[in-house]
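Biologist: Could you pick one small part of this protein and take me through it slowly? I'm new to this, so please explain the terms as you go.

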Amino acid sequence: MNSFEINRRKFIKGATASLALGALDVNGLNFMLPPERLRVGLIGTGWYGKSDLFRLIQVEPVEVIALCDADKNMLSDAAKMVSQRQLSRKTPRLYTDFRKMLAENKLDIVLIGTPDHWHALLAIAAMQSGAHVYVQKPISTDVLEGEAMVAAARKYNRVVQVGTQRKSTPHLIDAKKNIIETGLLGKVSHVDMCCYYHMRANGNPAVKPVPGFFDYEMWTGPAPMRPYDDLPHKRWWRTFMEYGNGIVGDMCVHMFDTVRWMLQLGWPKRISSTGGIYVQKEGKSNISDTQSALFEYDELNCMWQHRSWGTPADPDYPWSFIIYGDKGTLKASTMQYDFIPMDKNQKPIHKDVVYEKEKYPEDLAEPDIELNAAPATRLHMLDFLKAIRQGGRPVADIEQGHISTASCILANMSMKVGRPLVYDPAQRKIINDIEANGLLQRPYRSPWVHPAGML
C-alpha cells in the first residue's frame, strides 16, 4: 500500500481539494488521491475495545466493517457509537461468532479487545484470514499460546501490534531518549516496579440465570465454565485466574515491558515469585492480593510488587517503575517522570503526561476514556499503520509482547510451584522442571483446541 498518513480532519479537507483540482487541466501535475480505506473489524466491544477503535478512527479514515461480541446489548451500543464516529456514518455488521465475522468479511485489520483467555485463538484466526492484528495485552494466558501467536505472525507475514502503548507514551519516549540513552543514570543495576491500586474485585454475587442477550458459552470459550453469577465482562472476569493472570498479568506486563524497552532487555535469565491471598479472603476472587516477583538479568534485578490493599509506597507513583543507576534515579508512570541526579550540582528533570483535549475534543464526551492514555494509543495506532504500509516490525511487535507476557505468566507459575524458573525460549521449555513444564499449556475446554499444535 502507499503511505498516506493523515488524520481525519486533514483527510476531509484533502479529499475535497483533490476532487476540485482533479477537474482542472494543470500541466504536469499528478495529485495523489487517498487510497482505499482500510477495512476494520473489532472483536470485543467493551471498554478498551471501543477505546482502541476510536483512537484508530481519529488518526486514519478507516471503514469499520464489522463488530463482534457475545453481549448483544453491548454490541448494539457499540455499533451506534461507531456509526457516529466513522466518516461514512455507516453501521457495521454485527456478529456474536468471530468465525462468521472473519469468514464473511475481507478485513485488513482486526482489533482484539476481549478478555485475555480469548486473545490467542482470535489473533491467530484473524491472521489466518489475512488481517493484520492489534491485540490487547497480555497477549496470552499461557506461555505456549504466546509462542503460537509469534509463530503465526511470522508464518502469515502479518503485522501484530500489542496494546503495550507505554512505548508510544510521549513523556516516556522523552525519558528513554533524554535520560536513558544519554547515560544520565550511569550503570543501571536495579529496577523496582509496582502497582498499589485497589483493583481486585472480591464480591460474592449469587448464581443466576444467564440473560437472553448474552452468549455465556461463547464468552467462556476455551476457559473453564464457571457458574454464571453476573456479566463477567464488566471487569469481574479480571479477578479470576480462569480468564487471565491476575494483577501481574494485567499491570506488571505494562511496567516490565516498558523497562525492557528502555533498557533493551530480552528474556530474563531466571524468574521467581511469592505471594497469595493474604488479606482479602472474604470473596470469590482467586487472584493474589499480595505478590512479589523477581526478573533476573546479568548484574540487574527487576523487582515487582503489588498489593490491592493498604497505601502505596509513594502516593505520586502508585503504578510505576523506578530505574536505579549509580549516577541517578528515574521514577516514571503513565502520568509523569522524575529524574533525580546523584550530583547535587545537576538539576532534577520532571515531565508530565501529554494531553490532547483541544486537538481531540470528542475525547471529553467519551464514556470511561483514559484521557492520559489516549495520545499514546493514537501514536501506537500510527506506528501500527506505518508497519503495515512500509513493512518491518511495529514498536510493540508480538515477539516483544510475548516476552513480557510470558515472563509475567512464569512469575505466577513460580509462585504456584514455590521455586525459581528458568525458561529456554529456543526449546520452549523450563530447564530441569517437569512439573513446571506441565503448566506451560493450559487445558482447553472442548471443543476449542489449543494453538500449541501449530508450533
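Modeller: Let's start with Glu-296, which is buried because its relative accessible area is 17% (buried means under 20%, exposed over 50%, partly exposed in between, with a 1.4 Å probe and protein chains only). A quick heads-up: this is a predicted model, where local features need pLDDT of at least 70, side-chain atom pairs count only at pLDDT 80 or more, and totals for chains, interfaces and linings use all residues. Residues are numbered from 1 along each chain as its sequence is written, and side-chain values use heavy atoms, with hydrogens and water left out.

Leaving aside neighbours within four places in sequence, Glu-296 touches Pro-268, Lys-269, Arg-270 and Asn-301 (contact means heavy atoms within 4.5 Å). Glu-296 sits in strand 9; helices (H or I, at least four residues) and strands (E, at least two) are DSSP runs, numbered from the N terminus.

Now for the partner strand. Strand 9, residues 290-297, pairs with strand 8 in the antiparallel sense over 7 bridges (two strands pair if DSSP finds at least two bridges between them). One such match joins Thr-274 to its bridge partner Ser-292 in strand 9.

Helix 11 (residues 398-417) packs on the sheet, touching strand 8 and strand 9, and its direction makes about 60° with that of strand 8. For such angles, axes are lines fitted to C-alpha atoms, for helices over the stretch in contact, and angles run from 0 to 180 degrees between N-to-C directions. Of the 20 residues of helix 11, 16 are buried, so this helix is largely enclosed by the rest of the structure. Right after helix 11 comes Gly-418, with a positive phi near 80°.
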